[in-house]
Amino acid sequence: MQAIDLSKIDKILAGHQAEPGSLIPILQEVQLEYGYLPEEAIDYIADGLKISASKIYGVLTFYAQFHTQPQGKNLLRVCCGTACHVQGGEQILDHIKANLQLNANETTEDGKFTLQEVACLGCCGLAPVLVLNDEVHAKLTNEKIEEIINNAR
Amino acid sequence: MPEPNILLKNIGTPNSDQLDVYVENGGYRALKRILAELMPEEVVELVKKSGLRGRGGAGFPTGMKWQFCASDVKTPKYIICNADEGEPGTFKDRVLIEEDPHAILEGMAIAGYAIGSDQGIIYIRREYIYGAGKLQEAIEQARKQGCVGKNIFGSNFSFDIKVFLGAGAYICGEETALLDSIEGKAGRSRIKPPFPVNEGLWHRPTSVNNVETLCNIPHIILHGDKWYKSFGTSESPGTKIFSVSGHVNKPGNYELPMGVALEELIYEHAGGIRNENRFKAVLPGGASSPCLTSKYLSVPLDFDGLAAVGSMLGSGAVIVMDHTTCMVGAGLSIARFFEHESCGRCTPCREGTYWIVRLLERIMVGESQSGEIDLIVNLGLNMRATCFCPLGLAAQGAVLSFIGNFRDEFEGHIKEKCCPLRAY
């Protein structure tokens, strides 16, 4: 694996120095920079904040949106909330899995798609929904899914 | 009944998220008025008299919360806007955040003045990143015009607001878990007492208020408590935004007086059941609430009306299910959600949510033996008695109510080794 440029983390840490409890914003910014939270980055943050790396892992593994593995170019988050479920969300999810030949929390071999099953996204009036890279796609059908995936590919 | 259109009055106006449009429609007048005319105690008193109860789900009187906070001598004090809207079925705060962000800021500033706080934090879930951007933009506009920040409208009162982006955890909608999350920890509920009003963020007095609650405040200031109490019921005054989803013709947010009948909401406002199907059940307060069947269609939707029939208003997420819905499948979906979101600290919740999913999966494919349905009920009742925080209590309510009302479907799955409704 390519070594990563840790100097970017210095800048992020410096931006939060005066704030107590800034671990979550720091992790968010580092993840934005690298696309995930590499092990070296976590060790580096631990040194910078003078806390143990295990403490950071305790926090980051608690939250659904931190990743310790690289993610695909397109992040497909499929809503598994109650309203989406009753509107056929499970069949939508199965269709996506079959189309991409992927299980939840996996990335396609070409690195183009990562699939996540997520809790309610708060757009239940538009169910069933998925979010592709922060963009909501509503009232999904099998045809719409194929279009969304083909456009992103 | 027509929709009163108070909280949603700015929604749909072009550029309603912009400061000038908000001001044109009467925005920031309430904040100006209190700074010129009212003492902080008078603001607290007015909100107390209005009878406003928290819209996040617990229904605690907002004025009382503020009074507890105001009377604590420790400083600094904090106003936290809970914008971690995560209850499955709820999408009311999203529309207020995206289209009326200044109403939230104004409500927070008034709250800050009332309790003696100069710092506000909006805790917003990461999924609402678009809304977080809108709030950030609104804060910057408001600072420039002196509506928040130092010496608001030339007064001695200063109050600044920042946005804190969550990282994906349903439990952080619970106020003490939310506080831990802002402090940089995993969000796990704290033991109460002490309550956040005395020992909140960084052990300082903190008022955590829901988005919709805060949006009520400017209206109460401008129109008074008598006007406010002319909407809703005596114990639950005001209007409520109901998020209606599921098998209705017109899903969406509907603002109606507290105490509106369930059937009026579903049939008159949300357009009735899709495809002229039959109504089967409704979760009136999101995935955390026990379901109601057709015999409760006339129940008034307010805190006490729903509690009286063994369910809850919660955040007002009304999920409607028609006769094609498999209750085992719906129950499993909800159980999986809570299994994933359990923080894992207390044993009854961590193990209870895990085993309810495993048992429901066996029922789903007909592998269960007799007695396993009762085992789920037993597990649920144990959780109800012993879980540490509200998540554990919420986690079993819907599933147990599905079993209670539709036990034949659960038995049918076991007997026929498949879904008796052929939904799967």
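Colleague: How much of chain A, out of its 153 residues, counts as buried?

Modeller: The share is 35%. A residue is called buried if 20 or more other C-beta atoms lie within 10 Å of its own; 12 or fewer make it exposed, anything in between partly exposed, and the C-beta atoms are placed from the backbone. This is a predicted model: local features need pLDDT of at least 70 and side-chain atom pairs count only at pLDDT 80 or more, while totals for chains, interfaces and linings use all residues. Residues are numbered from 1 along each chain as its sequence is written, and chains are lettered from A, ligands numbered from 1, in the order in which they are written.

Colleague: What is the buried share for the 424 residues of chain B?

Modeller: In chain B, 56% of the residues are buried.

Colleague: Why is A423(B) called partly exposed?

Modeller: Count its neighbours. A423(B) has 16 other C-beta atoms within 10 Å. That is too few for buried and too many for exposed, so A423(B) is partly exposed. A423(B) sits in the segment after helix 15 (390-416) of chain B.

Colleague: Which residues is A423(B) in contact with, leaving aside neighbours within four places in sequence?

Modeller: They are T324(B), C326(B) and G329(B). Contact means that the C-beta atoms of two residues, placed from the backbone, lie within 7 Å. A58(B) is another matter: from A423(B), C-alpha to C-alpha, A58(B) is 35 Å away in space and 365 residues away in sequence.

Colleague: How do you know how many helices and strands each chain has?

Modeller: They are DSSP runs, numbered from the N terminus: H or I over at least four residues for a helix, E over at least two for a strand. That gives 15 helices and eleven strands in chain B. Chain A has seven helices and five strands.

Colleague: What makes strand 8 and strand 11 of chain B a pair?

Modeller: Two strands pair if DSSP finds at least two bridges between them. Strand 8 (residues 279-287) and strand 11 (residues 317-322) of chain B have four, in the antiparallel sense. So the rule is met. Look at V282(B): its bridge partner in strand 11 is V320(B). Both strands belong to an open sheet of five in chain B, in the order 6-5-11-8-9, with mixed pairing. Strand 6 (252-257) and strand 9 (292-293) are the edge strands; each pairs on one side only.

Colleague: How do you know whether chain B agrees with a compact globule?

Modeller: Compare the radius of gyration, taken over C-alpha atoms, with the globule rule: 2.2 Å times the number of residues to the power 0.38. For 424 residues the rule gives a value near 22 Å; chain B has 22 Å, which agrees. The C-alpha atoms of chain B fill a box of roughly 75 × 45 × 35 Å along the principal axes. For chain A, the box is roughly 50 × 30 × 25 Å.

Colleague: How does the span of helix 13 of chain B compare with what is expected?

Modeller: The expected span is 1.5 Å times one less than the number of residues. Helix 13 (residues 347-364) has 18 residues, and 26 Å is expected. From first C-alpha to last, helix 13 reaches 25 Å, which is close. Among its buried residues are C349(B), I356(B), V357(B) and L360(B).

Colleague: What puts the buried residues on the same side of helix 13 of chain B?

Modeller: The arc does, that is, the arc of the directions from the helix axis to the C-beta atoms. For the buried residues of helix 13 of chain B, it is only 130 degrees. The face turned away carries the exposed T347(B) and R358(B). The cover over the buried residues includes helix 12 (327-341), helix 14 (372-386) and helix 15 of chain B.

Colleague: Where do the domain bounds in chain B come from?

Modeller: They come from an automatic or database domain assignment. It divides chain B into domain 1 (19-229), domain 2 (239-322) and domain 3 (327-416). The C-alpha centres of domain 1 and domain 2 of chain B lie 27 Å apart. Between these two, 13 residues of domain 1 are in contact with 16 residues of domain 2.

Colleague: What makes up the side of chain B that touches chain A?

Modeller: In total, 39 residues of chain B are in contact with 27 residues of chain A. Elements giving two or more residues to that side of chain B include helix 8 (175-182), strand 5 (239-246) and helix 12. The largest share, six residues, comes from helix 12 of chain B.
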